[in-house]
Structures are given as C-alpha cells and as structure tokens.
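The following note sets out points for a colleague who is reading this entry. Each point is meant to be checked against the coordinates.

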Amino acid sequence: MKDTRIDLRTRKVYDALIEAFIQLLSEKPFDSITVVELCNKARTRTATFYNHFSDKYDFFTFMIAEKRRDFMVKTEWQCFEECCYAFIENSFAFIEAHDRMVKNILSDNLLIMMMSSVSKEMIEQLKELLDKEITGREVNTDILVQMMIGAMSHAIRYWLEHNQEVSKKEILMEVSILLKSICK
C-alpha cells in the first residue's frame with residue numbers, strides 16, 4: 001500500500017471501496033473479484049484505486065486493518081481471561097454479521113490471513129496482561145500468548161466448519177474453562 005495522507009476525500013474513497021468490497025465478497029469468491037469491478041461498484045476510478053493500492057491483495061490487507069478497528073472493541077481489559085474471551089466473542093459476532101462474506105473468504109483461505117492480522121494487534125495486549133497476572137511463575141509469556149492466539153483462532157475456525165454440531169456457547173464455555181486453568 002502506498003503511503004498517503006488520509007484527508008476527508010480519501011476517507012470517502014476508502015469507505016466506498018470497503019463497502020463495495022464487502023458487498024462483492026458476499027456475492028462471490030475473492031479470486032473472482034476484479035479491481036475494475038470493485039471500482040465500478042464503489043463509483044471510483046481505477047486510477048484512484050491504483051494511486052493508493054498496488055492490487056486487490058494490497059487493498060484486502062488495508063481493508064483488514066481498517067475492519068480490525070471495528071472488530072476489536074477498544075476497552076481496557078482487566079485480565080488476560082477477559083481479553084481472550086472478548087476476542088472470541090467478537091469473532092463470532094463478526095462472522096454472524098458477515099456470514100456470506102466469511103464463507104467466500106473461507107473458500108479462498110483468506111480468513112486465516114484476516115484472523116492472523118487481527119491477532120497481531122492482540123498479542124501485545126495479551127502479553128502485557130499475562131505478564132501482570134503470572135508473577136512468580138516460570139512461564140514464557142511470549143510462547144503462552146502465541147499458543148492462546150492459535151487455540152482461539154482454531155476454535156473459531158472449528159466452529160465455522162462444525163457450527164451445526166457444536167454451538168457458539170459450547171466453544172465459549174470450553175475456552176472459559178481453559179482460560180481459568182491458565183490464569184490460576
């Protein structure tokens with residue numbers, strides 16, 4: 001993504017592109033979407049698109065970063081357990097609100113990239129909380145945080161693939177049990 005200053009006009013273009021992209025992802029797989037189609041739907045010129053992004057993959061990365069702010073509720077969590085639980089709850093809410101889009105992203109294996117991007121922002125928050133909570137124990141919090149991010153991401157993906165067999169409530173309950181055992 002090219003470095004640009006975000007003024008009001010640019011913000012409007014970004015918002016229109018993001019909205020159009022989400023609509024297109026609800027209709028078809030990522031690989032089927034073209035930049036021309038995206039720009040037509042967003043009512044912006046392709047030259048404008050290419051002034052800001054190198055291709056649709058660059059734009060998708062940008063969109064993830066933009067949606068990440070909406071995805072993660074900006075609050076100060078009091079503990080590691082609360083932060084992890086909120087991550088999974090927010091993931092479920094996002095998936096339910098964007099069901100068709102997520103299915104198309106999942107079919108293109110872009111969901112892993114999206115979840116990985118969201119998790120990067122959480123790593124520092126989780127490590128900071130865990131460092132405060134686990135004092136006097138010889139635990140490598142870097143490794144523990146990575147394990148938790150992986151476990152949460154896989155639990156969410158498992159629910160996506162098996163939501164007829166296992167409920168969101170069941171997953172949240174199991175995660176809560178796991179978190180309580182870690183935070184003892």
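**Notes on the predicted model**

1. Helix α5 has 18 residues, and its first and last C-alpha atoms are 26 Å apart, close to the 26 Å expected at 1.5 Å a residue. The model is a predicted one. The buried residues of α5 include the aromatic residues Phe80, Phe87, Phe92 and Phe94. Glu81, Asn90 and Ser91 are also among the buried residues of this helix, as are Cys83 and Cys84.

2. The cysteines deserve a separate remark. How many disulfides does a search of the whole structure find? The search finds 0. Cys84 is in no disulfide, and the nearest cysteine sulfur, that of Cys83, lies 5.8 Å away. A disulfide requires the two sulfur atoms to be within 2.5 Å, so the 5.8 Å between Cys84 and Cys83 does not qualify. Cys84 counts as buried because its relative accessibility is 0%. Cys39 likewise has a relative accessibility of 0% and therefore counts as buried.

3. On the overall fold, the protein has 9 helices and 0 strands. Along the sequence, the pattern reads α-α-α-α-α-α-α-α-α. Of the 184 residues in the protein, 46% are buried. Among contacts between residues at least 6 apart in sequence, 67% join residues at least 24 apart. The protein exposes about 10500 Å², of which carbon and sulfur atoms supply 51%.

4. The largest nonpolar core holds 54 residues, and the members that touch the most others are Phe21, Leu25, Phe59, Phe80 and Leu126. Two or more residues come to this core from each of α1 (8-27), α2 (35-42), α4 (56-71), α5 (80-97), α6 (99-107), α7 (110-133), α8 (141-162) and α9 (168-182). Which residues does Phe21 touch, not counting those up to four places away in sequence? With that exclusion, Phe21 touches Phe30, Ile33, Leu38, Phe59, Phe60 and Met63. Phe59, one of these contacts, is also listed with Phe21 among the core members that touch the most others.

5. In α2, the buried residues are Val35, Leu38, Cys39 and Ala42. Seen down the axis of α2, these buried residues fall within an arc of 95°, so they line one face of the helix. Leu38 is also one of the residues that Phe21 touches.

6. The residue that follows α2 is Arg43, with a positive phi near 60°. Most residues other than glycine have a negative phi. Arg43 is a residue other than glycine, and its value is positive. Where is Arg43 placed? Arg43 is in the loop between α2 and α3 (46-52). With a relative accessibility of 78%, Arg43 counts as exposed because the cut-off is over 50%. A reviewer may wish to inspect the backbone at Arg43, where phi is near 60°.

7. Helix α3 contains Tyr50. Tyr50 counts as partly exposed because its relative accessibility is 37%. Tyr50 and Val35 are 15 residues apart in sequence, and their C-alpha atoms are 9.2 Å apart in space. Val35 is one of the buried residues of α2.

8. Helix α6 contains Asp99. The relative accessible area of Asp99 is 35%, so Asp99 is partly exposed. Asp99 and Leu160 are separated by 61 residues in sequence and by 9.7 Å in space, C-alpha to C-alpha.

9. Helix α9 has 15 residues and reaches 21 Å from its first C-alpha to its last, close to the 21 Å expected at 1.5 Å a residue. Its buried residues are Ile171, Leu172, Val175, Ser176, Leu179 and Ile182. Seen down the axis of α9, they fall within an arc of 135° and so line one face of the helix. Against which helices do the buried residues of α9 pack? They pack against α5 and α8. Both α5 and α8 give two or more residues to the largest nonpolar core, as does α9.

Definitions and conventions. Residues numbered from 1 in each chain as written. Predicted model: local features only at pLDDT ≥ 70, side-chain atom pairs only at ≥ 80, totals over all residues. Heavy atoms only, no water. Buried < 20%, exposed > 50% of the residue type's maximum accessible area, 1.4 Å probe, protein only. Core = buried A, V, L, I, M, F, W, Y, C linked by side-chain atoms within 4.5 Å. Helix = DSSP H or I, 4+ residues; strand = E, 2+ residues; numbered from the N terminus. Contact = heavy atoms within 4.5 Å. Arc of directions from axis to C-beta. Areas by Shrake-Rupley, 256 points an atom, 1.4 Å probe, with all protein chains shown as cover. Expected span 1.5 Å × (residues − 1).
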